[in-house]
Amino acid sequence: MALNPQITNLIIILGMMQVSKKIPFDDPQVLLGVRILYIVTNIIIAGVYLYLQNKINAKKDLTTLKYVEPAPMGSADEPKLITTTVHSYDLQQLRALWKSQLMGVGMMGVMHLYFKYTNPLLIQSIIPLKGAFEGNLAKIHLLGYPAIGDLKRPWKATGGLMGMGGQGEPKADKKSIEQAERAGSGGVKEE
């Protein structure tokens, strides 16, 4: 039985917090080594994302993908019908991964350079790298898993803390798509 990625992240964080207490961050050599580790892991993640982009563009899967995107939680908006291609969907998901990674680097930069926190450098050298290889795009395009079951597009939005996301999951069943088409909520093809 495989552990949920969020549970393994929690275990890693708790373990690394204990390890980081024993690391002498006031030693300039140790601090430099941890900074280099953080930079190298981010370079590896960027390399993985660039490789994924090349694989997605090489496949250029133009299969039509229709799904109903739920309205954001607490919004009065109706669910929106999205018509796109697998290629466009994968590139959209990859852009979201890039954005997330850059936000993490920015936050880490502020925490480390402005507030002088060093312990998160160690944890943030491991968790994002683990996440890059556990993502659906990496499973399909890097590890070669077929896009069936949990990997069938559209993917469930990964929630925030403990899986509590801000909106429901996209629906790709025929009934939901027909309802959205009849309601006239969207249907514009995204390029």
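A residue is called buried under 20% relative accessible area, exposed over 50%, and partly exposed in between. By that scale Glu134, with a relative accessible area of 29%, is partly exposed. The structure described here is a predicted model. Its secondary structure comprises 7 helices and 3 strands, which follow one another along the sequence in the pattern α-α-β-β-α-α-α-α-α-β. Of the 191 residues in the protein, 30% are buried.

**Salt bridges**

- The whole structure contains 2 salt bridges.
- One of them pairs Arg153 with Asp90, and the closest N and O atoms of the two residues are 2.7 Å apart. Arg153 is located in the loop between helix 6 (136-142) and helix 7, whereas Asp90 belongs to helix 3 (residues 86-114), so this pair ties together parts that are 63 residues apart in sequence.
- Both partners of this pair, Arg153 and Asp90, are buried.
- Glu134 and Lys130 form a salt bridge in which the closest N and O atoms are 3.1 Å apart. Helix 5 (residues 127-134) holds both Glu134 and Lys130, and the two are 4 residues apart, about one turn of the helix.
- Glu134 and Lys130 fall into separate burial classes: Glu134 is partly exposed at 29%, while Lys130, at 17% relative accessibility, counts as buried. The value for Lys130 is under the 20% limit, which is why this residue is classed as buried.
- In general, side chains of opposite charge can pair when their charged atoms come close.

**Backbone features**

- A cis peptide bond joins Arg153 to Pro154, with omega near -5 degrees. Pro154 is part of the loop between helix 6 and helix 7. Arg153, on the other side of this bond, is also the salt-bridge partner of Asp90.
- Lys60 has a positive phi, near 40 degrees, although it is a residue other than glycine. Its position is in the loop between helix 2 and strand 1 (64-69), and with 46% relative accessibility Lys60 counts as partly exposed.
- Lys116 likewise has a positive phi in a residue other than glycine, here near 65 degrees. Lys116 is found in the loop between helix 3 and helix 4 (119-123). Its relative accessibility is 60%, so Lys116 counts as exposed.

**Second largest pocket**

- The second largest pocket has a volume of about 150 Å³.
- Its lining consists of 11 residues, and those nearest the centre are Val68, Pro79, Lys171, Ser176 and Gln179.
- Helix 7 (residues 174-183) contributes the most to this lining, with 4 residues.
- Sorted by class, the lining of the second largest pocket comprises 5 nonpolar, 3 polar and 3 charged residues.

**Nonpolar surface patch**

- Leu32, Ile36, Val40, Ile44 and Phe133 make up a nonpolar patch on the surface, and their accessible area together is about 400 Å².
- Helix 2 (residues 28-59) supplies the largest share of the nonpolar patch, 4 residues.
- Ile44, one of the patch residues, is situated in helix 2. Its relative accessible area of 39% makes Ile44 partly exposed. Membership of a patch requires over 30% relative accessible area, and the 39% of Ile44 meets that requirement.

**Contacts between distant parts of the sequence**

- Gly15 and Ile123 are separated by 108 residues in sequence, yet their C-alpha atoms are 9.3 Å apart in space. Gly15 lies within helix 1 (residues 5-22). With 31% relative accessibility, Gly15 counts as partly exposed.
- Ile140 and Ile56 are 84 residues apart along the chain, and 9.9 Å separates their C-alpha atoms. Ile140 is a residue of helix 6. At 7% relative accessibility, Ile140 counts as buried.

Notes
Residues numbered from 1 in each chain as written. Predicted model: local features only at pLDDT ≥ 70, side-chain atom pairs only at ≥ 80, totals over all residues. Heavy atoms only, no water. 1 Å grid on protein atoms, 1.4 Å probe; cavity = no way out; pocket = protein on both sides within 12 Å on 5 of 7 lines; lining within 4 Å. Points joined across faces, edges and corners; volume = space filled by probe spheres on them. Nonpolar A, V, L, I, M, F, W, Y, C, P; charged D, E, K, R; others polar. Salt bridge = Lys/Arg side-chain N within 4 Å of Asp/Glu carboxyl O. Buried < 20%, exposed > 50% of the residue type's maximum accessible area, 1.4 Å probe, protein only. Patch = residues over 30% accessible without salt bridge, like charges linked within 9 Å, V, L, I, M, F, W, Y side chains within 5 Å. Areas by Shrake-Rupley, 256 points an atom, 1.4 Å probe, with all protein chains shown as cover.
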